[in-house]
Amino acid sequence: MIALKNISHTYSENLTIGFKEGEFTRNHNYLILGESGSGKSTLINIMTGLLRPTGGTVWIDDVDIYGLKEAQRDKFRAERIGIVFQRPHFLTSLTVTENLKLTQSLANQTIDKIRINEVLNRLAILDKKDEYPNSLSVGQLQRLSIARAILNKPNYIIADEPTSSLDDKNTDKVLSLLIEQSEAEQASLIVATHDKRVKDLISNIYSLEGEVAP
Ligand SMILES: Nc1ncnc2c1ncn2[C@@H]1O[C@H](COP(=O)(O)OP(=O)(O)OP(=O)(O)O)[C@@H](O)[C@H]1O
């Protein structure tokens, strides 16, 4: 479980992001809903150990992640959390397969080409495995981001605005893929978005004030 308590982050004197309480358990799907600028990316960075909050605690699987040293926290994240970032970033000088090998080695895993091929196949981009990221379409890059997020069999898959630039049909497709893949990994899926279309597919909702809607 990821448990957040009394989180606050102050960027400047008059800009503080707050999130009172949240619990995200394995095998469940969650939405973090908030308008643009309400602090979704800030919260995701905090809950994945990328940004130390100015106040509050983040526990992941009973570990107080900001109690860890930075290198330990990076390893912890790589092993347990798959992140689909708002803007996908891959190393452009490495092929699709080489980028995914890097994801395995950052988590101290042995390089497993069979697993890489398996996730690429699941996301229908196996034919792109020797290509460079710049030659992939936006939709293919997004599927590659999902492939990378699930590669290390994480406990939590966290996606930041995965559907904001998509039409209704592709919104459904990407969400279904994320839900399917997190079920296959028995992971918890956490999607941060302002996109109310996503509400029909995921029932546990946190607004940025930290209230759970029925
Ligand atoms: N590094 C930073 N330094 C100062 N202010 C920041 C920083 N990052 C974010 N902010 C501010 O914090 C607020 C929340 O930003 P954040 O990116 O978390 O929102 P968001 O809900 O993810 O927005 P969007 O949906 O538009 O991506 C914004 O007012 C933003 O300008």
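Ala, Val, Leu, Ile, Met, Phe, Trp, Tyr, Cys and Pro are counted here as nonpolar, Asp, Glu, Lys and Arg as charged, and the others, Gly among them, as polar. On this basis, in the predicted model described here, the residues of the shell around the ligand divide into eight polar, three nonpolar and two charged. The ligand is surrounded by 13 residues, of which Tyr11, Ser36, Lys40, Ser41 and Thr42 are the closest. Two elements, strand E2 (15-24) and helix H1 (40-47), each supply at least two residues of this shell, and H1, with three residues, gives the most to it.

Strand E3, which spans residues 29-33, is mostly covered, with five of its five residues buried. In a regular strand the side chains alternate between the two faces of the sheet. In E3 both faces are covered, since the buried residues comprise Asn29, Leu31 and Leu33 on one side and Tyr30 and Ile32 on the other. Strand E3 is also paired with two other strands. It runs parallel to strand E8 (residues 188-193), to which five bridges join it, and within this pairing Ile32 stands opposite Ala192 of E8. Strand E9 (residues 204-207) likewise runs parallel to E3 and is joined to it by four bridges, with Ser207 of E9 as the bridge partner of Leu33.

Helix H5, formed by residues 138-151, contains 14 residues and reaches 20 Å from its first C-alpha to its last, which is close to the 20 Å expected at 1.5 Å a residue. The helix is mostly covered, ten of its 14 residues being buried; these are Gln142, Arg143, Leu144, Ser145, Ile146, Ala147, Arg148, Ala149, Ile150 and Leu151. The buried residues of H5 pack against two strands and three helices, namely strand E6 (81-84), strand E7 (156-160), helix H3 (96-106), helix H4 (113-122) and helix H6 (168-184).

The largest nonpolar core holds 47 residues, and among these Ala147 and Ile157 touch the most other members. Helix H5 contributes the largest share of this core, with six residues. When neighbours within four places in sequence are left aside, the contacts of Ala147 are with Leu100, Val119, Leu120, Leu123 and Ile125.

Two residues are notable for their backbone angles. Most residues other than glycine have a negative phi, and most peptide bonds are trans. Asn6, however, has a phi near 50°, a positive value in a residue other than glycine, and its place is in strand E1 (residues 2-12). Because 13 C-beta neighbours lie inside 10 Å of Asn6, this residue counts as partly exposed. A positive phi of about 50° is also found at Lys153, although this residue is not a glycine. Lys153 follows just after H5 and is placed in the loop between H5 and E7. With 16 other C-beta atoms within 10 Å, Lys153 is therefore partly exposed, the cut-offs being 20 or more such atoms for a buried residue and 12 or fewer for an exposed one.

Notes
Residues are numbered from 1 along each chain as its sequence is written. This is a predicted model: local features need pLDDT of at least 70, side-chain atom pairs count only at pLDDT 80 or more; totals for chains, interfaces and linings use all residues. A residue is near a molecule or strand if its C-beta atom, placed from the backbone, lies within 6 Å of it. Two strands pair if DSSP finds at least two bridges between them. The expected span of a helix is 1.5 Å times one less than its number of residues. Two residues are in contact if their C-beta atoms, placed from the backbone, lie within 7 Å. A nonpolar core is a set of buried Ala, Val, Leu, Ile, Met, Phe, Trp, Tyr and Cys residues joined through C-beta atoms within 7 Å.
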